[in-house]
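Hello,

Here is the structure we discussed handing over. My notes on it follow below.

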Amino acid sequence: SVGTAVLETHPPEDVNGTMCHKISMTVATNKFADAFYKVRTHAVSYVADGFSRSVLYRKKQLEGKTNRDVEVRFDYKRNLAHYFNHGVAGEQLQIPDHVFDPLAIAYLFRLKEVEEGKMRKLPTCDGKRVREVVVEVGSKQKFKVPAGKFEGHEVSPALENLRGVFRKSPDGFLRICYSVDKRRIPIRMQSKVAVGSFVAKLTEARFP
């Protein structure tokens, strides 16, 4: 074990007059992994009511030597994304009428029925680029993780649409397994890239 990750939903919040769903992700390495690659990353996504489009995205990222404090504001009146890092504004980016930040697409995928063999296109913007992440749904499989036994679909996003280390790994892969029930819980994630590989397994899921 090298660390933990937590995905969480929160009570709705008002963002500049728009009532939004609020979701967050926190990732942290443990003491063992801290010794060679410390990770303390927290991201928060605010998505307009009805999960129609992202309104605000924030990410504090401490990973090894990487230190970012990002905020992306989505302005649909002018169809622009405003990107800031440590309070310094970047270039404005033209966006469509509906787009989702990198954290929101994990939930966007879960909102619709999953069909084996089908592909889904998820319009995504991190403040610097607008892309359609293409996701392919694999066959049903049985999985055993610390949280229990599940039947799930293995889902694979096309890596050419992803940034960072994924783009530099022609033989790499990213697979996320979602439960086949209506909740579509992420139960397992596996990735292999140029710098290494990891497996994340669901340990606990809490519901209201």
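**Second largest pocket**

The second largest pocket holds about 290 Å³ of space. Please keep in mind that this is a predicted model.

Val 15, Asn 16, Thr 18, Ala 48, Arg 53, Val 55, Leu 56, Arg 58, Glu 71, Arg 73, Phe 74 and Tyr 76 line the second largest pocket. Two elements, β4 (54-63) and β5 (66-75), each give two or more residues to that lining. By type, the lining residues are 6 nonpolar, 2 polar and 4 charged.

Arg 53 and Tyr 76, both among the lining residues, are also in contact as a charge and a ring: the charged end of Arg 53 sits over the ring of Tyr 76, at 4.0 Å from its centre.

**Strands β4, β5 and β6**

The two strands that contribute to the pocket are also paired with each other. β4 and β5 run antiparallel and are joined by 8 bridges. One of the partnerships is that of Lys 60 with Asp 69 in β5. The hairpin of β4 and β5 has 2 residues between the strands, and Gly 64 in this hairpin takes a positive phi near 60°.

β5 also pairs with strand β6 (residues 80-85), again in the antiparallel sense, over 6 bridges. Here Val 72 stands opposite Tyr 83 in β6. Between the strands of the β5 and β6 hairpin there are 4 residues, and Asn 79 has a positive phi near 55°.

**Aromatic pairs**

A pair of aromatic rings is described by the distance of the centres and the angle of the planes. The count of aromatic pairs in this model comes to 4. Two of them are given here, including one with exposed residues and one with buried residues.

- Phe 32 and Phe 36 are edge-to-face, with 5.6 Å centre to centre and 80° between the planes. Phe 32 and Phe 36 are both exposed.
- Phe 109 and Tyr 178 are tilted, with 5.0 Å centre to centre and 35° between the planes. This pair links distant parts of the chain, 69 residues apart: Phe 109 belongs to helix α2 (residues 104-110) and Tyr 178 to strand β12 (residues 173-179). Phe 109 and Tyr 178 are both buried.

How is the angle of 35° between the planes of Phe 109 and Tyr 178 classed? The pair counts as tilted, because planes under 30 degrees apart would be stacked and those over 60 edge-to-face.

Regards

How values were computed:
Residues numbered from 1 in each chain as written. Predicted model: local features only at pLDDT ≥ 70, side-chain atom pairs only at ≥ 80, totals over all residues. Heavy atoms only, no water. 1 Å grid on protein atoms, 1.4 Å probe; cavity = no way out; pocket = protein on both sides within 12 Å on 5 of 7 lines; lining within 4 Å. Points joined across faces, edges and corners; volume = space filled by probe spheres on them. Nonpolar A, V, L, I, M, F, W, Y, C, P; charged D, E, K, R; others polar. Pairing = 2+ DSSP bridges. Phe/Tyr/Trp six-rings, centres within 6.5 Å; stacked < 30°, edge-to-face > 60°. Buried < 20%, exposed > 50% of the residue type's maximum accessible area, 1.4 Å probe, protein only. Lys NZ or Arg CZ within 6 Å of the ring centre and 35° of its normal.
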